[in-house]
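Trainee: I should like to take a close look at one part of this model and then see how the rest is arranged around it. Please treat the matter in one connected account.

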Amino acid sequence: HSIISTGKDSFLALNLAGSLCRSTDGGATWKEIAKFAKKSHSGRLAIASDASILVSGANSSALMRSSDNGVTFQEVDNAPDGITALLSGENGLVTAGTESNGLWESYDNGLSWSQVYQTSNAINAIARVNKISWAIGGKVGRYGFWPVTVLLQKGIQKQVETGIVPINYEMPFDGISTIVIEDGDGNRVRNLFNNQPRKDGKNTGFWGRIGFHELLVM
């Protein structure tokens, strides 16, 4: 269900039954190091910069943490509920995406947490580009597919500074939208996106080195 690399030929994996297993031979063999009671579709893993193991959705807890290489786990009291994604970074930074209350960050390897981006949409995956956190998420049916390919990012000014240019457009009604790039002669150079359902009113997309993505504005 969730697997991460912890070093050369070393992995941690959490399966649907709640078994946390370790492999030190590139996945050839596995050893169970912990067993959790968990729902079948919960549970994400991360290794913090201090080598702590973080497990979400285990034993009805928002987050469990081990500082002894998986020998024992303790519940993190103030971690956000409904964690659906975890991403560890440098200098103690860990980012968590949730089902219904946005992005959270910890600056002490998962011991304490603060909300940094609020949205009612589920966040299913997160990544970090140029020290900026991005998330993919949405709501079932809202965009016609799941997970929705929407990037949530805090700080529009940071997007501009990193070479990502905002493109604003307005929909006259709820419907299907296509945005393209044309040259001076009216020839289509590239489709930014095709036949995507959009809501009536103002919408914002971003064009940059990573291509075009929709920013979900709540």
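Trainee: Where is the place of Asp-9, that is, between which strands does its loop lie?

Mentor: Asp-9 is found in the loop that runs between strand E1 (2-7) and strand E2 (10-14). Before the details, the basis should be stated. Residues are numbered from 1 along each chain as its sequence is written, and this is a predicted model in which local features need pLDDT of at least 70 and side-chain atom pairs count only at pLDDT 80 or more, while totals for chains, interfaces and linings use all residues. Side-chain values rest on heavy atoms, with hydrogens and water left out. The strands are DSSP runs (E, at least two residues; helices are H or I, at least four), numbered from the N terminus.

Asp-9 has a positive phi of about 65°, although this residue is not a glycine. That backbone angle belongs to a hairpin: E1 and E2 have two residues between them, and Asp-9 takes its positive phi there. The two strands run antiparallel and are joined by five bridges; strands are said to pair if DSSP finds at least two bridges between them. Gly-7 has Ser-10 in E2 as its bridge partner.

The side chain of Asp-9 is engaged as well. Lys-8 forms a salt bridge with Asp-9, the closest N and O atoms being 3.5 Å apart; the term requires a side-chain nitrogen of Lys or Arg within 4 Å of a carboxyl oxygen of Asp or Glu. Lys-8 counts as exposed at 75% relative accessibility, whereas Asp-9, at 38%, is partly exposed. The classes are buried for under 20% relative accessible area, exposed for over 50%, and partly exposed in between, computed with a 1.4 Å probe on protein chains only.

The hairpin is part of a wider sheet. Four strands form an open sheet in the order E1-E2-E3-E4, with antiparallel pairing. E1 and E4 stand at its edges, each with a single partner strand, so one side of each is left without a neighbour in the sheet. From one strand to the next, the twist averages 20°, where axes are lines fitted to C-alpha atoms, for helices over the stretch in contact, and angles run from 0 to 180 degrees between N-to-C directions. Strand E3 (residues 19-23) pairs with E4 over four bridges in the antiparallel sense, and Ser-19 has Lys-35 in E4 as its bridge partner.

Two salt bridges occur in the structure. Besides the one at Asp-9, Arg-65 forms a salt bridge with Asp-50, the closest N and O atoms being 3.0 Å apart. Arg-65 lies in strand E7 and Asp-50 in the loop between E5 and E6, so this pair ties together parts that are 15 residues apart in sequence. Arg-65 is buried, with a relative accessible area of 11%, while Asp-50 is partly exposed at 38%.

A positive phi is also found at Ala-51, about 75°, and Ala-51 is not a glycine. Ala-51 lies in the loop between E5 and strand E6 (53-56) and is partly exposed, with a relative accessible area of 47%.

The structure holds one aromatic pair. Phe-36 and Phe-73 are edge-to-face, 5.1 Å centre to centre with 85° between the planes; rings of Phe, Tyr and Trp (its six-membered ring) pair if their centres lie within 6.5 Å, and planes under 30 degrees apart count as stacked, over 60 as edge-to-face and the rest as tilted. Phe-36 is buried, and so is Phe-73.

Turning to the interior, the largest nonpolar core has 13 residues, and those touching the most other members include Leu-54, Leu-63 and Trp-113. Such a core is a set of buried Ala, Val, Leu, Ile, Met, Phe, Trp, Tyr and Cys residues joined through side-chain atoms within 4.5 Å. Strand E9 (83-88) and strand E10 (94-98) are the elements that give two or more residues to this core. A second, separate core of 12 residues includes Leu-14, Phe-36, Val-55 and Met-64.

E9 and E10 belong to another open sheet of four strands, in the order E9-E10-E11-E12, with antiparallel pairing. Its edge strands are E9 and strand E12 (114-117), each pairing on one side only. E10 and strand E11 (residues 103-106) pair over four bridges, and Thr-95 has Glu-105 in E11 as its bridge partner.
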